[in-house]
Amino acid sequence: MALKDLQKHLKGKQKKVIFGAKRNISLIKLGKVGEVFIASNCSPSAKSKISSYPSFFPLKIDELPSTSSELSIICEEDFPISIAGVLK
């Protein structure tokens, strides 16, 4: 289900999808990200940082069964994607 949500956001013109742990964490701190998709092989440190934010900000977190390499194919990018965030 979460994978279909990500694909819907990628096709939609209304919302922008941001790739990368550092960018997403900084935007989450600013309250600009509403939903995060995490690859199955995401680093434990990035996963734990992002998992701590829903207590401070309204944030939906979806852990995907796909690896970062598979996520890059889904997002049609040339680099591995461990975290994809959708701007509010």
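**Figure 1. Salt bridge between Lys60 and Asp5 in the predicted model**. Lys60 and Asp5 form a salt bridge in which the closest N and O atoms are 3.8 Å apart. The two residues come from distant parts of the chain: Lys60 belongs to strand β3 (residues 60–63) and Asp5 to helix α1 (residues 2–11), with their positions 55 residues apart. Lys60 is partly exposed, its relative accessible area being 41%. Asp5, in turn, has a relative accessibility of 17% and counts as buried, because buried means under 20%.

**Figure 2. Salt bridge between Lys60 and Glu35**. The side chains of this pair, Lys60 and Glu35, meet at 3.6 Å, N to O. Glu35 lies in strand β2 (residues 33–38) and Lys60 in strand β3, so the salt bridge ties together parts that are 25 residues apart in sequence. With a relative accessibility of 11%, Glu35 counts as buried.

**Figure 3. The network of Asp5, Glu35 and Lys60**. Salt bridges link these three residues, Asp5, Glu35 and Lys60, in a network. Lys60 pairs with Asp5 and also with Glu35. Within the network, Asp5 is buried, Glu35 is buried and Lys60 is partly exposed.

**Figure 4. Salt bridge between Glu63 and Lys47**. The side chains of Glu63 and Lys47 meet at 3.7 Å, N to O. Here strand β3, which holds Glu63, is linked to helix α3 (residues 44–52), which holds Lys47; the two residues are 16 residues apart. Glu63 counts as exposed, with a relative accessibility of 52%, because exposed means over 50%. The structure holds three salt bridges, and the pair of Glu63 and Lys47 is one of them.

**Figure 5. The largest nonpolar core**. This core has 13 residues, of which Ile28, Val33, Val36, Ile38, Ile50, Leu59 and Ile83 touch the most other members. Helix α2 (21–29), strand β2 and helix α3 each give two or more residues to the core. A second, separate core has twelve residues, among them Ala2, Ala39, Leu64 and Cys75.

**Figure 6. Surroundings of Ile50**. Ile50 is one of the residues that touch the most other members of the largest nonpolar core. Leaving aside residues up to four places away in sequence, Ile50 touches Ile25, Ile28, Val36, Ile38, Leu59, Ile61 and Ile83.

Technical notes. Residues are numbered from 1 along each chain as its sequence is written. This is a predicted model: local features need pLDDT of at least 70, side-chain atom pairs count only at pLDDT 80 or more; totals for chains, interfaces and linings use all residues. Side-chain values use heavy atoms; hydrogens and water are left out. A salt bridge is a side-chain nitrogen of Lys or Arg within 4 Å of a carboxyl oxygen of Asp or Glu. Helices (H or I, at least four residues) and strands (E, at least two) are DSSP runs, numbered from the N terminus. Buried means under 20% relative accessible area, exposed over 50%, partly exposed in between (1.4 Å probe, protein chains only). A nonpolar core is a set of buried Ala, Val, Leu, Ile, Met, Phe, Trp, Tyr and Cys residues joined through side-chain atoms within 4.5 Å. Contact means heavy atoms within 4.5 Å.
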